[in-house]
Amino acid sequence: MRKVAIISAGLTKISRHWDKSLQQLFAEALDKALASTKISKADAIFVGNMCAQDLSRQNNLGALIADYSGHLPATSIRIEAACASAGAAILTGYMAVASGLYDVVVAGGVEKLSEMNTKYVTEALGKASNVEYELFYGASFVSLNALMMKLYMETYGVDRTPFAEFAVLMHKNASVNPYAQLPFEITLDKALSSEYIAEPISLYDCAPIGDGAAVLIMCPLEEARKYADSFVEVAGIASATDTVDLASRDDILLLNSTKVAAEKAYKMAKIAPQDIDVVEIHDTFTIMGFVSLESLGVVERGKTPKYVKEGVFEKDGDLPVNPSGGLKASGHPVGATGAYQVAYLTLQLLDAAGKMQVPSPEYGLAQNLAGTASGSYITILKRAR
Amino acid sequence: MNLSIPCYWREIPYRYRLEGVKCDNCGKVMYPPRPRCINCGSSKLSKYKLPETGKVLTYSVLYESPNGFEYNIPYVIAIIELDDGTKLLSQITDCPPDKVHVGMAVEAVFRRVATSGDKGIIAYGVKFRPISP
């Protein structure tokens, strides 16, 4: 297998883009990414997207995007893995380059959630669950996360405060992120007093509904200098799967797909969890951030509340978590989220993250989840020397 | 949710009668049933009727719903740990949301779950209600 580099990242601001279609958003991110490279056409495009057919009534997104963005006759495929669609697209892009089948690959994601009323968005997102079982009983995606949060609070004897403290940190980080949907700070009191969506989850525990596109340009590591002046190495990449429904898991507070995928990715990158300098984790809801950190092996189980309070996850802390503001405050255009995470890390490792920058990271890890972690996609990036 | 009528028919054994499967090899109980064991991969499984009583392991009170559940708000989704240790997801019924608590003893009860629009089919399922002391 060939080693793989990411030579560029392109992102749109996450927002309610009433004025742009799926293909316009993706093309905008792709043009931004190509601008810093010597590439004008890709050999293959892998588009992560979850809700196009539900909310935009559009299928065949791969071809539509290759056509609209000027990349005919490249191979172009839409990949759906719920909120991990872009993570799955990046893994596919990696396999395409590593195998030698393609040289210049675009991997990314695009999502437009603002097309319809919230109840239809809630239903569309609920399809990440087992529809004939969980959604049948009216279990929204928020409520499935709320089941985990309630259990976490009972198990470790904590109240909603540490979750609100995490939300405050995410908003603080997002306040200097030019791509963030919610670039403003909040107070602990505001987070704690916001209304319940699915108790114990309240408004400020939740990622917002928004639109966006992010793309990465991938090529063989050995050829990276031919296409761009700066690049990062994909040092480890893996995915794993767990039961789709939450109740079938022996341990509901351990994301086994994340644990297994992370262990494989650490091994591939020949590093230990403590070698990671910055993480972008899948905090759709604050609880998912907590169990993600504990399943990645970077935080001991039940200790996240303590570390949040001690400031460990701040940009200048021992383990910077989501300097972008995470899904919580940067935003969660679901099928594009995994590409935003890897794009943010690419900027970090190139020392190009502006006010989001953490001090000289060597390794960054992105964790992108499908549903309630029925799928986990882990990508470890390494600074190229 | 608007699902086709066969979608309801084919789910009757597990949805109405709480029928799962148990692995003959490792003893793992699966609900909903699968054709192979999610633990050991064995295809030697036997039909297994779940107990109809248990306790609330965790729950959530919903104030926003997926399309079709607007009129149920606020309603309670829970994971119930049945008497044999098997966990399943359902709604808690016949109980004010603020009276539900972790550890509450509950029993299965046949209930209407949702209707597809004004003239669509009515979906039934098994919800759980408190066992009166």
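How many bridges join strand 2 of chain A to strand 4 of chain A, and do these strands run parallel or antiparallel? I looked this up in a predicted model. I found 5 bridges between strand 2 (residues 44-48) and strand 4 (residues 105-111) of chain A, and the two strands run parallel. For A:A44, I noted A:V105 as the bridge partner in strand 4 of chain A.

**Entry: the sheet**

I then traced the sheet to which these strands belong. I recorded an open sheet of 9 strands in chain A, with the order 3-2-4-7-1-8-11-10-9 and mixed pairing. I identified strand 3 (75-79) and strand 9 (278-280) of chain A as the edge strands, since each pairs on one side only. For the turn between neighbouring strands of this sheet, I noted an average of 25°, direction ignored.

**Entry: helices on the sheet**

I next asked which strands are touched by helix 1 (residues 22-35) of chain A. Helix 1 packs on the sheet and touches strand 1 (4-11), strand 2, strand 4 and strand 7 (212-220) of chain A. I noted about 45° between the direction of helix 1 and that of strand 7 of chain A. Helix 10 of chain A also packs on the sheet, where I found it touching strand 8 (232-241), strand 10 (363-370) and strand 11 (375-383) of chain A. The direction of helix 10 makes about 150° with that of strand 8 of chain A.

**Entry: helix 10 against helix 11**

I turned to the packing of helix 10 (residues 256-269) with helix 11 (residues 286-296) of chain A, and recorded an angle of about 40° with the axes 8 Å apart. That angle makes helix 10 oblique to helix 11 of chain A. I noted the crossing of these two helices as right-handed. Helix 10 of chain A contributes A:T258, A:K259 and A:A262 to the contact, and helix 11 of chain A contributes A:S292, A:S295 and A:L296. Sorting the contact residues by class, I recorded 2 nonpolar, 3 polar and 1 charged.

**Entry: burial of helix 11**

Is helix 11 of chain A enclosed or open? I found 11 of its 11 residues buried, so helix 11 of chain A is largely enclosed by the rest of the structure. Among the buried residues I listed A:F290, A:E294 and A:G289, as well as A:S292, A:S295 and A:L296, which I had already entered for the contact with helix 10 of chain A. I noted that the cover over helix 11 includes helix 6 (141-156), helix 7 (161-174), helix 10, helix 12 (304-310), helix 13 (326-329) and strand 10 of chain A. Just after helix 11 of chain A, I recorded a positive phi of about 85° at A:G297.

How values were computed:
Residues numbered from 1 in each chain as written. Chains lettered and ligands numbered in written order. Predicted model: local features only at pLDDT ≥ 70, side-chain atom pairs only at ≥ 80, totals over all residues. Axes fitted to C-alpha atoms, helices over the stretch in contact; angles between N-to-C directions. Helix = DSSP H or I, 4+ residues; strand = E, 2+ residues; numbered from the N terminus. Parallel < 35°, antiparallel > 145°, perpendicular 65-115°, else oblique. Left-handed = near helix turned anticlockwise from the far one by under 90°. Contact = placed C-beta atoms within 7 Å. Nonpolar A, V, L, I, M, F, W, Y, C, P; charged D, E, K, R; others polar. Pairing = 2+ DSSP bridges. Buried ≥ 20, exposed ≤ 12 C-beta atoms within 10 Å, placed from the backbone.
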